[in-house]
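Got your viewer open? Let's take a walk through this one together, one selection at a time.

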Amino acid sequence: MAKAMMQKNMLWLQSGGCGGCTLSLMCAESPDLLTALELANIRLVSHPSLNQASGTETIKILQDVLDGNLRIDIFCVEGSILFGPNGTGRFHMASGFDNKSMKTLIAEISQVSEYVVAVGSCAAFGGITAGGANEVEARGMAFDDDIAGGLLGKKFLSRAGLPVINISGCPIHPDWVMETLYQIAADSLTPADLDHLGRPRFISNKLVHHGCSRNEYYEFKASAEKLCDLGCMMENLGCKGTQAAGDCNIRPWNGSGSCISGGYPCIACTEPGFEEPGHPFVETPKIAGIPVGLPTDMPKAWFVALASLAKAATPKRLSVNATSDKIAIAPISKKHKGKS
């Protein structure tokens with residue numbers, strides 16, 4: 001008989017963010033979130049959106065954690081850590097505690113937790129909250145953009161011996177969180193399962209481009225010219241699916257689609273610094289007509305040569321459909337051409 005997994009206590013706190021990762025997680029399907037946690041033998045000690053405890057009771061839970069009276073196996077943080085003003089963290093104080101910032105509270109709980117998980121790109125790298133002039137001094141748990149450090153420092157390891165586990169995305173796919181939690185529940189997650197940015201490799205070993213419904217257009221460089229067009233959005237509309245980590249087009253969102261299949265270009269929300277691309281999200285910057293953001297690992301000369309060949313070989317069906325909002329020419333086998 002298989003050995004039963006020991007129950008793990010999970011604490012979830014929200015910091016400087018919109019709560020969108022929680023909203024996405026609550027859309028988990030087959031099974032739903034609470035059923036999934038039950039199956040993994042994970043006890044949700046506290047969560048801002050799912051609490052049954054009152055404010056006073058929640059403060060008691062957090063104090064018990066700090067005092068060592070309540071074991072936390074999985075500590076999830078959603079939202080960036082606000083260091084402002086001037087590194088004090090006082091832009092975001094911990095309600096119910098005497099003069100303690102959320103920055104300090106999160107750091108203290110991290111030190112006594114078995115696993116620390118940053119949920120979403122804000123918690124991982126700073127995310128949207130760190131955009132612009134970043135007046136609030138937002139950073140991630142272990143990274144400031146792509147620079148190691150963040151709140152907990154370059155050398156932080158949780159009690160389980162792992163760095164912060166960064167489940168990036170804006171928002172996260174609910175399955176990304178659940179798969180990570182399943183690995184933790186089974187005590188099977190190791191440092192080798194994380195990439196150089198602390199992201200689980202089952203997510204980051206894939207590109208958003210993989211499984212894209214527009215891949216045939218990409219192959220022939222049959223490009224969309226406006227958002228409602230069916231063609232590839234890399235050349236003109238800023239799509240970064242060939243550069244961004246994620247299995248968004250392999251693992252459907254809400255059982256059906258992804259940003260790209262919904263008609264919007266990938267903005268690389270799983271990557272550090274995605275909030276500051278240096279250009280509008282739906283525009284592709286170019287130099288001498290060549291897109292600046294080339295597919296991962298592809299030399300510029302190769303792209304130019306392959307793109308020229310591909311465009312020359314583009315079937316009429318694709319070149320016409322690429323700039324249409326619906327299929328204008330349907331696929332038809334050669335032996336049936338010319339027959340009605």
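The tour goes from cysteines to a cavity and then on to salt bridges. Keep in mind as you click around that this is a predicted model.

**Stop 1: the cysteines**

Start by selecting cysteine 122 and cysteine 170. How far is the sulfur of cysteine 122 from the closest cysteine sulfur? The gap to cysteine 170 is 5.7 Å, which is too far for a bond. While you're there, look at the surroundings of cysteine 122: this residue is buried, with a relative accessible area of 14%.

Now jump to cysteine 228. This cysteine is in no disulfide either, and the nearest cysteine sulfur, in cysteine 232, is 16 Å away. Cysteine 228 is partly exposed, at 43% relative accessibility. The disulfide count for the structure is zero.

**Stop 2: the cavity**

Next, go looking for empty space inside. There is one cavity of 30 Å³ or more, and the volume of the largest cavity is about 100 Å³. To see its walls, select the lining residues, among them His209, Arg214, Tyr218, Cys232, Met233, Met234 and Ile260. Try colouring the lining by class: you'll get seven nonpolar, four polar and one charged residues.

**Stop 3: the salt bridges**

How many salt bridges does the structure hold? The count is 13, and we'll visit three pairs.

Select aspartate 175 and arginine 251. Their closest N and O atoms are 3.8 Å apart. This pair links distant parts of the chain, with aspartate 175 in helix 6 and arginine 251 in the loop between helix 8 and strand 10, 76 residues apart. Aspartate 175 is partly exposed at 26% relative accessible area, while arginine 251 is buried at 15%.

Move on to arginine 317 and glutamate 216, a salt bridge whose closest N and O atoms are 2.7 Å apart. Arginine 317 lies in helix 10 and glutamate 216 in helix 8, so this pair ties together parts that are 101 residues apart in sequence. Glutamate 216 is partly exposed, with a relative accessible area of 35%.

For the third pair, pick glutamate 235 and lysine 311, which meet at 3.1 Å, N to O. Here the loop between helix 8 and strand 10 is linked to helix 9, with the two residues 76 apart. Glutamate 235 is partly exposed at 21%, and lysine 311 is partly exposed at 41%.

To finish, select Asp175, Glu179, Asp247 and Arg251 together: salt bridges with shared partners join them into one network.

How values were computed: Residues numbered from 1 in each chain as written. Predicted model: local features only at pLDDT ≥ 70, side-chain atom pairs only at ≥ 80, totals over all residues. Heavy atoms only, no water. Disulfide = S-S within 2.5 Å. Buried < 20%, exposed > 50% of the residue type's maximum accessible area, 1.4 Å probe, protein only. 1 Å grid on protein atoms, 1.4 Å probe; cavity = no way out; pocket = protein on both sides within 12 Å on 5 of 7 lines; lining within 4 Å. Points joined across faces, edges and corners; volume = space filled by probe spheres on them. Nonpolar A, V, L, I, M, F, W, Y, C, P; charged D, E, K, R; others polar. Salt bridge = Lys/Arg side-chain N within 4 Å of Asp/Glu carboxyl O. Helix = DSSP H or I, 4+ residues; strand = E, 2+ residues; numbered from the N terminus.
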